[in-house]
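Student: I am new to this structure. Please take a close look at its interior, and connect what you find there to the rest of the chain.

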Amino acid sequence: MDHELKTMTITCPNCGEYIQILVNGEDDGDTYIEDCEVCYSPVNITVVVDDDDELSVEVRSDDDI
């Protein structure tokens, strides 16, 4: 898997706006928090690399945890 930083567009689970984040494939399974650039609410981001080395993220608000 190529472990360079990748820019991904996600939907903020708090306000519904699209935001861009940087994701590192080496962080597979890690969860971290970034504040939304629009509403400034925390977004919980979990990095997922599947069996085919496809990088994705799961996003949740604090209320969803």
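**From the surface to the interior**

Tutor: Begin with the outside: the protein chain exposes about 4300 Å², and carbon and sulfur atoms supply 40% of that area. The model is predicted, and the values below are computed from it. Of the 65 residues in the protein chain, 28% are buried.

The framework comes next. The protein chain has 5 strands and 0 helices, which gives the pattern β-β-β-β-β when read along the sequence. Its radius of gyration is 12 Å, close to the 11 Å that the globule rule gives for 65 residues, so the protein chain is as compact as a globular protein of that length. Taken along the principal axes, the C-alpha atoms fill a box of roughly 35 × 20 × 15 Å. Among contacts with a separation of 6 or more, 26% join residues 24 or more positions apart.

Now the interior itself. The largest nonpolar core has 13 residues, and Ile 10, Ile 21, Val 23 and Val 57 have the most contacts inside it. Two or more residues each come from β1 (5-11), β2 (18-24), β4 (42-49) and β5 (55-60). The largest share, 4 residues, belongs to β4.

Val 57 is a useful place to stand. Leaving aside residues up to four places away in sequence, Val 57 touches Met 8, Ile 10, Ile 21, Val 23, Ile 45, Thr 46 and Val 47. Three of these names, Ile 10, Ile 21 and Val 23, are also residues with the most contacts inside the core.

Thr 46 is another name on that list, and it deserves its own look. Thr 46 lies in strand β4. Its relative accessible area is 9%, so Thr 46 counts as buried, the limit being under 20%. Threonine is not one of the residue types that a nonpolar core is built from. Thr 46 does have a polar partner: its side chain makes a polar contact of 2.8 Å with the side chain of Thr 31. With residues up to four places away left out, Thr 46 touches Gly 29, Asp 30 and Thr 31, and also Ser 56, Val 57, Glu 58 and Arg 60.

Glu 58 can be read from its own side. It lies in strand β5 and is partly exposed, with a relative accessible area of 42%. Beyond residues up to four places away in sequence, Glu 58 touches Asn 44, Ile 45, Thr 46 and Val 48. The C-alpha atoms of Glu 58 and Val 47 are separated by 6.7 Å, with their positions 11 residues apart along the chain.

A link over a longer stretch of sequence involves Thr 11, which is in strand β1. Thr 11 and Val 59 are 48 residues apart in sequence, yet their C-alpha atoms are 8.1 Å apart in space. Thr 11 touches Val 59, and also Gly 16, Glu 17 and Tyr 18, again without residues up to four places away. Thr 11 is partly exposed, at a relative accessible area of 35%.

The cysteines need a separate word. A search of the whole structure finds 0 disulfides. For Cys 12, the nearest cysteine sulfur is that of Cys 36, 3.7 Å away; a disulfide would need the sulfur atoms within 2.5 Å, so that pair does not qualify. Cys 12 is buried, with a relative accessible area of 2%. Cys 15 is in no disulfide either, and the nearest cysteine sulfur to it is that of Cys 12, at 3.8 Å. Cys 15 counts as partly exposed, at 33% relative accessibility.

Two loop residues bring us back to the outside. Most residues other than glycine have a negative phi. Tyr 40 is not a glycine, but its phi is positive, about 65°. It sits in the loop between β3 (31-35) and β4, and at 62% relative accessibility Tyr 40 counts as exposed. Asp 53 also has a positive phi, near 65°. Asp 53 is found in the loop between β4 and β5 and counts as partly exposed at 39% relative accessibility.

How values were computed: Residues numbered from 1 in each chain as written. Predicted model: local features only at pLDDT ≥ 70, side-chain atom pairs only at ≥ 80, totals over all residues. Heavy atoms only, no water. Core = buried A, V, L, I, M, F, W, Y, C linked by side-chain atoms within 4.5 Å. Buried < 20%, exposed > 50% of the residue type's maximum accessible area, 1.4 Å probe, protein only. Contact = heavy atoms within 4.5 Å. Polar contact = N/O pair within 3.5 Å; in protein donor to acceptor, adjacent residues only side chain to side chain. Rg over C-alpha atoms; globule rule 2.2 N^0.38 Å. Areas by Shrake-Rupley, 256 points an atom, 1.4 Å probe, with all protein chains shown as cover.
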